[in-house]
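Me: Please take me through one part of this structure slowly, as I'm new to this. Pick a single helix and show me what sits around it.

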Amino acid sequence: MNPAGTPNNSGSGHVTVSGQLSQKRGLGDLIAKKPELVTLGLLIVICLAVSIANPTFLQPSSLIDIGRASVVTGLFALGVFVVLASGGIDVSFTAIAALTMYSITLFALNHFPEMPILVVFVLAVLGGIALGVLNGFLVYTLRVPSLIVTIGTQYLFRGGLLAFIGTTWIMELPGPMGTFGRIPLLEFETANGATVSLPVYFLILPATALLTWWIMRRTLMGRAIFSLGGNADVTARLGYNVKIVHLFVFGYAGALAGLAGIVQVTANRLANPFDLVGTEISVIAAVVLGGARITGGTGSVIGTMLGVLLVVIVDNVLVMVGIPSTWQRVVVGAFILLAAAFFVTRQRKFKPAK
């Protein structure tokens, strides 16, 4: 008995109520600090369940299909992550991708058919930066929510493309662009004799993810971005140039959108001015499912990539189980709502100890 006359369980092997609360608090703190662990857990559960129901899911050909499908979505998501971390939101990235990829493809086809693929990518990135910086300038100058600005520029960019540049599909790409999309990084034959290849453009995604991680975690600009997403007034008082941060985040998102646009063209071997319409929500959902908050100040590159994989795998699973395309958006939307609700309730229930 202790001095108060109550039993002392020290060393008895029993877990006290305070110990249980401490364990729950530790779990809550871990989830609050590393929400990407929840996304990783969801990925593992889904992959295990699908592989049990359909063993072909884990075949190399299926994994390569998922890898190919992740590139464009992943590039978009990395740009959206940077914008979200700053407290903004961008829905114009698909319009930027369509405008840059179609304009550059048309220019190369008509004036420079043998334009080296490196030059194509540089032009796409520069074009994306220009359009993205315009977004950042308007957000900072007009002092209106970035969602409103980028909805407007989305219509502006896509309308300008269709009204002044072209509305027809380009089925025959310039030589270097068509060749680049067919270069294999990994190639093998399946048991039924089909050839499966992972294209070399897949390397663009991990390289960009590494660059984004370095910017966000190892540079002064990365600290300024997270600070701006946390509190804009405090960021200004700390001496950061808020205008430059706005221009950078939207310019960076635009650069990745331009890059993704060219990857989309070389992968599909055609330039479609109507392409990528309606993919904005899936991309933003992937970033949010990766642990980033819409209000800004949080998120990680690893979480974003896990969110991309989650969205891409769910889409592939729905195709594999034969769910009609008209119902796929319903299922994905319900899944996103359930996952988002889980994040919110967990963050409310387990707030970090102070």
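Reply: One word first: a residue is called buried when its relative accessible area is under 20%, and exposed when that value is over 50%. Keep in mind too that this is a predicted model.

Let's pick helix α5, which covers residues 117–142, and begin with a pair of rings. Phenylalanine 121 sits in helix α5, while its partner, phenylalanine 180, belongs to helix α7 (residues 175–180). Along the chain the two are 59 residues apart, so this pair links distant parts of it. A ring pair is described by how far apart the centres are and by the angle between the planes. Here the centres are 5.4 Å apart and the planes stand at 75°. Planes over 60 degrees apart count as edge-to-face, so that is the name for this pair. Both phenylalanine 121 and phenylalanine 180 are buried. If you go hunting for others, the whole structure has four aromatic pairs.

Now slide a little along the helix to leucine 118, also in α5. Is leucine 118 buried or exposed? Its relative accessibility is 61%, which is over the 50% mark, so leucine 118 counts as exposed. Leucine 118 also has a partner far along the chain to look at: proline 176 is 58 residues away in sequence, yet the two C-alpha atoms are separated by 9.4 Å.

Next, the neighbour. Two packed helices are described by the angle and the distance between their axes. For helix α5 and helix α11 (residues 242–268), the axes come within 6 Å and cross at roughly 145°. The crossing is right-handed. What kinds of residues make up this contact? There are 17 nonpolar ones, nine polar ones and one charged one.

Past the end of the helix, we reach arginine 143, in the loop between α5 and α6 (146–165). Arginine 143 is worth a pause. Most residues other than glycine have a negative phi. Arginine 143 isn't a glycine, yet its phi is positive, at about 55°. With a relative accessible area of 59%, arginine 143 is exposed. Now find tyrosine 140: the charged end of arginine 143 sits over that ring, 4.2 Å from its centre.

Finally, go back to the partner helix and follow the chain onward. The loop between α11 and α12 (280–289) holds leucine 276, another non-glycine with a positive phi, this one about 75°. Where arginine 143 is exposed, leucine 276 counts as buried, at 8% relative accessibility.

For contrast, glycine 193 also takes a positive phi, near 90°, in the hairpin of β1 and β2, which has five residues between the strands. Those strands, β1 (residues 184–189) and β2 (residues 195–199), run antiparallel and are joined by five bridges. To find your bearings there, look for glutamate 187, which stands opposite serine 197 in β2.

Note on methods
Residues numbered from 1 in each chain as written. Predicted model: local features only at pLDDT ≥ 70, side-chain atom pairs only at ≥ 80, totals over all residues. Heavy atoms only, no water. Axes fitted to C-alpha atoms, helices over the stretch in contact; angles between N-to-C directions. Helix = DSSP H or I, 4+ residues; strand = E, 2+ residues; numbered from the N terminus. Left-handed = near helix turned anticlockwise from the far one by under 90°. Nonpolar A, V, L, I, M, F, W, Y, C, P; charged D, E, K, R; others polar. Phe/Tyr/Trp six-rings, centres within 6.5 Å; stacked < 30°, edge-to-face > 60°. Buried < 20%, exposed > 50% of the residue type's maximum accessible area, 1.4 Å probe, protein only. Lys NZ or Arg CZ within 6 Å of the ring centre and 35° of its normal. Pairing = 2+ DSSP bridges.
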